[in-house]
Every structure is written in structure tokens, then in C-alpha cells.
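Biologist: I should like a close look at a single part of this model, with its surroundings explained step by step for a first-year student. Please begin with one residue and work outwards from there.

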Amino acid sequence: MKFAQYTAATALCIAAAFAAPIAERQAAITDADILQYALTLEHLENVFYKGAISSMPESDFLAAGFSSAYYNNLKYIAHDEEQHIMLLTSALAAAGATPVAACTYMFPYTDPKSFVTLASILEGVGTSAYLGGAPLIASKTYLGVAGSILVTEALHTSLQRFNLGEIAPANPYGTALGLNPVYTLAAEFIVSCPSTNAALPVMAFPALTATQGIPAAPGITFTFTTTTSMPSTFFVTFVSGLSTTSVDGSMEGGMIVATIPATAMGQTYVFITNTNVTSSIMDSMILNGPAVLEVTPPAPTFDISYM
């Protein structure tokens with residue numbers, strides 16, 4: 001009860017903080033849009049975790065090599081996602097907006113291992129979504145709350161990565177993704193949404209699929225497929241941490257071929273672009289993607305005398 005009262009009070013503060021910017025930025029993406037977008041992603045994660053917990057008992061996870069502690073952490077994550085939904089829903093309602101409802105989803109996991117693998121990807125995308133959405137937020141109060149949720153999503157990501165045997169801090173920096181690339185990835189799991197849901201200011205790019213197993217490594221040649229035709233000249237662009245690196249792409253046997261650059265570490269997003277991207281990737285540059293790669297980072301290096 002004490003936590004619920006805190007959540008409601010926080011929601012009212014958020015609503016008051018972004019009510020004015022909504023009126024002032026009619027032509028642009030508003031804080032209400034960002035809130036609805038965040039709620040859409042939180043609904044997806046909420047259904048994802050609760051579906052797994054309700055369909056696979058702890059004994060299934062133990063048999064797959066995961067611990068009781070891990071399974072207990074899954075229940076905490078489910079709790080977190082539900083709290084995020086309650087907060088965002090309350091804030092939208094207090095601001096006079098109708099919160100979007102959960103959609104119908106299809107998640108392609110069949111056992112605990114495939115679930116945890118997908119969970120790691122989804123949590124990474126969720127972290128990237130909050131990081132990428134931060135510059136679009138006008139209200140400092142709402143930005144602070146979004147930052148608080150971002151920290152929790154990053155903790156979830158680290159938990160999943162560690163339990164898969166991956167390097168949890170594989171990149172020194174987080175990777176930001178824009179609204180449309182995140183929605184492109186989320187749309188893969190959305191079957192349908194209520195007709196009463198507010199339309200989001202997002203679109204999905206044509207899909208890009210990695211055809212090889214992961215993890216990958218810098219310097220190796222990787223292949224991708226897509227259902228759209230490629231122009232005569234295109235680039236394969238890797239977004240990882242604060243680095244955006246484009247490499248020449250080519251077609252071999254109907255597949256897109258590119259070499260993974262040294263800047264790719266950990267969960268990396270791959271796009272087909274119409275230009276050699278040298279700074280931040282813009283929607284106008286994207287032809288396909290993103291695909292998601294797990295790239296093994298190099299061995300850590302540091303100077304023990306640098307203190």
C-alpha cells in the first residue's frame with residue numbers, strides 16, 4: 001500500500017510536469033507520445049515475463065541449468081514491469097490521456113534457454129529505447145523518472161546476460177536506439193493491438209535477419225537476409241555503444257555479406273543504410289533493420305597505475 005501511494009503521487013508529479021510542453025509542442029513528438037511509447041514496450045515485457053513464469057515452473061529452469069536464485073529474480077523482474085505499467089498508466093490518465101492497452105503477442109521461445117536468450121535481447125532493446133528516447137523528453141521531471149526506469153532495465157539486462165554466460169558489461173557505454181528502430185524490433189512480436197489504442201508516431205522499417213548463429217566476433221564475415229531488394233550501392237551499419245560504423249555491403253548467393261567491425265561489442269544493432277554513416281544514424285538513412293547481434297567483446301585492458 002505504501003508503494004502504491006508513492007506511485008500515484010509520482011504519477012501526478014509527472015503529469016503536472018509535462019502538461020505544459022504538450023500544449024507547446026503540438027507539431028512535434030510530445031512527452032505524452034513518449035509515455036505511450038514507453039507503455040507499449042512495458043506491456044510487451046510484462047506479458048513476456050508473466051507468460052513464461054505461468055507456463056514454465058521453476059523445475060524447468062533448474063533442469064535447464066538455471067538456479068533457484070535466477071528464477072526468483074524473474075519474479076522480481078515481473079514485479080518491476082508491472083510497476084512500470086502502473087506508473088505510466090497513472091501518469092497518462094492524470095494528464096487526460098487514455099493509456100494504451102496491452103496487445104496480443106507471439107514470443108518464439110519454447111523452453112527456458114530460448115526464453116532467457118530472448119529475454120536478454122528484449123531487455124537490451126528496452127534499455128536502448130529509454131536511452132534513445134531521453135533526448136526527446138521536454139520535462140526534466142519526466143526525464144528523471146525515465147532515467148530511473150532505464151537503470152532498472154539495465155539491471156535486468158545484466159542479469160539475463162550473466163545467466164547466459166555472456167559478459168554482462170560487454171560495452172563501456174549503453175547503445176541508444178531511436179523510436180522507429182525500437183518499434184521495428186517490437187513489432188516482430190505484436191500480433192494485434194486494440195483498435196482503441198492511440199496511434200503512436202512510429203513506423204517499422206523492413207526487417208533484416210541475421211542468418212548465422214551468435215555470438216559473433218569482430219573481423220568475421222556475417223550474412224543477413226531481407227525480403228526487399230538492395231540498391232547497387234549500400235552499407236551495413238553497426239551501432240554499438242557510442243560507436244556507429246558503416247562497412248561496405250555486398251550480395252552473395254542472395255544474402256547480404258559484411259565484416260563485423262572492431263567497434264561492435266555486446267548487443268549490437270545492424271542496419272542497411274543508403275550512406276556511409278559517420279555520426280548518429282538517422283531514419284532517413286535506414287533501408288532495413290535493425291537486426292540484433294551478440295558480439296563477443298575483446299579481452300579487457302586497463303592500466304593498473306592509472307588512479
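Modeller: S128 has a relative accessibility of 3%, and because the cut-off for a buried residue is under 20%, S128 counts as buried. In this predicted model, S128 belongs to helix α5. Setting aside residues up to four places away in sequence, S128 touches T175, A176, L177 and Y269. The C-alpha atom of S128 is separated by 20 Å from that of L87, and these two residues are 41 residues apart along the chain.

From S128 we may turn to the helix that holds it, α5, and to its packing with α4. The two helices, α4 and α5, pack at an angle of about 35 degrees, and their axes are 14 Å apart. The crossing in which α4 passes α5 is left-handed. On the α4 side, the residues in this contact are Y70, L74, I77, E81 and L88, and they meet F115, V116, E123 and Y130 of α5. Sorted by character, the residues of this contact comprise seven nonpolar, no polar and two charged. An α-helix has 3.6 residues a turn, so residues three or four places apart point the same way.

The length of α4 can also be checked. Its 27 residues should span 39 Å at 1.5 Å a residue, and the model agrees, because the end C-alpha atoms of α4 are 39 Å apart. After α4 comes G96, which has a positive phi, near 90 degrees.

Both α4 and α5 also give two or more residues to the largest nonpolar core, a set of 58 residues. Other elements that do so include α2, α6, α7, β9 and β10. Within this core, the residues with the most contacts are F48, F61, F107 and F115. F48, leaving aside neighbours within four places in sequence, is in contact with F107, Y109, F115, L118, A119 and L122. Apart from this core lies another, of 18 residues, including F224, F238, V247 and I260. In soluble globular proteins, nonpolar side chains tend to be buried together.

Helix α2 deserves the same check of length. Its 25 residues should span 36 Å at 1.5 Å a residue, which agrees with the 36 Å between the end C-alpha atoms of α2. Of the 25 residues of α2, 18 are buried, so α2 is largely enclosed by the rest of the structure.

Lastly, strand β10 contains P290. The peptide bond from G289 to P290 is cis, and its omega is near 15 degrees. Most peptide bonds are trans.

How values were computed:
Residues numbered from 1 in each chain as written. Predicted model: local features only at pLDDT ≥ 70, side-chain atom pairs only at ≥ 80, totals over all residues. Heavy atoms only, no water. Core = buried A, V, L, I, M, F, W, Y, C linked by side-chain atoms within 4.5 Å. Buried < 20%, exposed > 50% of the residue type's maximum accessible area, 1.4 Å probe, protein only. Helix = DSSP H or I, 4+ residues; strand = E, 2+ residues; numbered from the N terminus. Contact = heavy atoms within 4.5 Å. Axes fitted to C-alpha atoms, helices over the stretch in contact; angles between N-to-C directions. Left-handed = near helix turned anticlockwise from the far one by under 90°. Nonpolar A, V, L, I, M, F, W, Y, C, P; charged D, E, K, R; others polar. Expected span 1.5 Å × (residues − 1).
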